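Trainee: Could we go through this one together? I'd like to practise reading a fold.

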Amino acid sequence: MAMAGRIRSALPHVRKALSSDSRSALYPALTSNPELSRNYATAPAAKEKKVKVPVTMYGVSGNYASALYIAAVKANALEKVESEILDLIEASKKSPKFSQFMKDLSVPTETRVKAMSDISSEAKFGELTRNFLVVLAENGRLKHVDAIAKRFAELTMAHKGELKAIVTTVIPIPPEEEKELKETLQEVMGKGKKVNIEQKIDPSILGGLVIEFGQKVFDMSIRTRARQMERLLREPINF
């Protein structure tokens, strides 16, 4: 239980790292960026519904995923949109030509837009998903659709009270320690949250572990500690 014990002893630091900006909204980033200010649902809403992003996202994929999440929740179509986006990702994996098309910025904008509109119609995607894909095509962001889908999936999990924690270690975590680690992480997240652990093996971290919640990282690896120590040793000593 040594590994879980190290996590538990660091709980105050983990809790601070995970909650520091988890509730901050992305509205300024979404509304100030002309790429994201478009309302993907064209039908007028009777009353504007305020929606908070459950996990703070950054970067191009994070901003687009957040914008799509807000629009999908407002339209009460979160599961439908998630299913359609995942269907598109699966189709791109099965068709290298289609995958290359989405990444090729030399394709004229009109061609990209028409293609995504036609594909959406043929796949019977809803208006929200179709409009979103058209916006990606217009802005030359189709190459990010896979990353956007991953970020969107994280948001839908958080919406359901679930959270994926990626735990990186040098060797696989024994079942007993994984169970205690999961309990510890759920203690950090609070009641009503379900934590799903995904293990990753990376010998380069040398030891310890790295925990990723969404786009937050809590690094307790020996590699990082060694680098921090090296920086301290390189600093000049003032007498």
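Trainee: Which residue in β2 is the bridge partner of E162?

Mentor: Keep in mind that we're looking at a predicted model. Strands β1 (residues 162–169) and β2 (residues 194–201) run parallel, with eight bridges joining them. E162 belongs to β1, and its bridge partner in β2 is K194.

Trainee: And is the β-α-β crossover from β1 to β2 right-handed or left-handed?

Mentor: Follow the chain out of β1: it goes through helix α10 (residues 175–189) before it gets to β2. With the strands pointing away from you, that path runs clockwise. So the crossover counts as right-handed.

Trainee: Let's move to α6. Within what arc do its buried residues fall?

Mentor: In helix α6 (residues 96–103), the buried ones are F98, S99, F101 and M102. They line one face of the helix, because seen down its axis they fall within an arc of 155°.

Trainee: Then which exposed residues sit on the face turned away from that buried side?

Mentor: First, the covered side: α5 (78–94), α7 (109–122) and α9 (145–159) are among what covers the buried residues of α6. The face turned away from the buried side carries exposed residues, namely P96, K97 and K103.

Trainee: Which element gives the most to the largest nonpolar core?

Mentor: That core has 38 residues, and Y69 is one of the five that touch the most other members. Elements giving two or more residues include α4 (59–74), α5 and α6. With eight residues, the one that gives the most is α4.

Key
Residues are numbered from 1 along each chain as its sequence is written. This is a predicted model: local features need pLDDT of at least 70, side-chain atom pairs count only at pLDDT 80 or more; totals for chains, interfaces and linings use all residues. Side-chain values use heavy atoms; hydrogens and water are left out. Two strands pair if DSSP finds at least two bridges between them. Helices (H or I, at least four residues) and strands (E, at least two) are DSSP runs, numbered from the N terminus. Buried means under 20% relative accessible area, exposed over 50%, partly exposed in between (1.4 Å probe, protein chains only). The arc is that of the directions from the helix axis to the C-beta atoms. Contact means heavy atoms within 4.5 Å. A nonpolar core is a set of buried Ala, Val, Leu, Ile, Met, Phe, Trp, Tyr and Cys residues joined through side-chain atoms within 4.5 Å.
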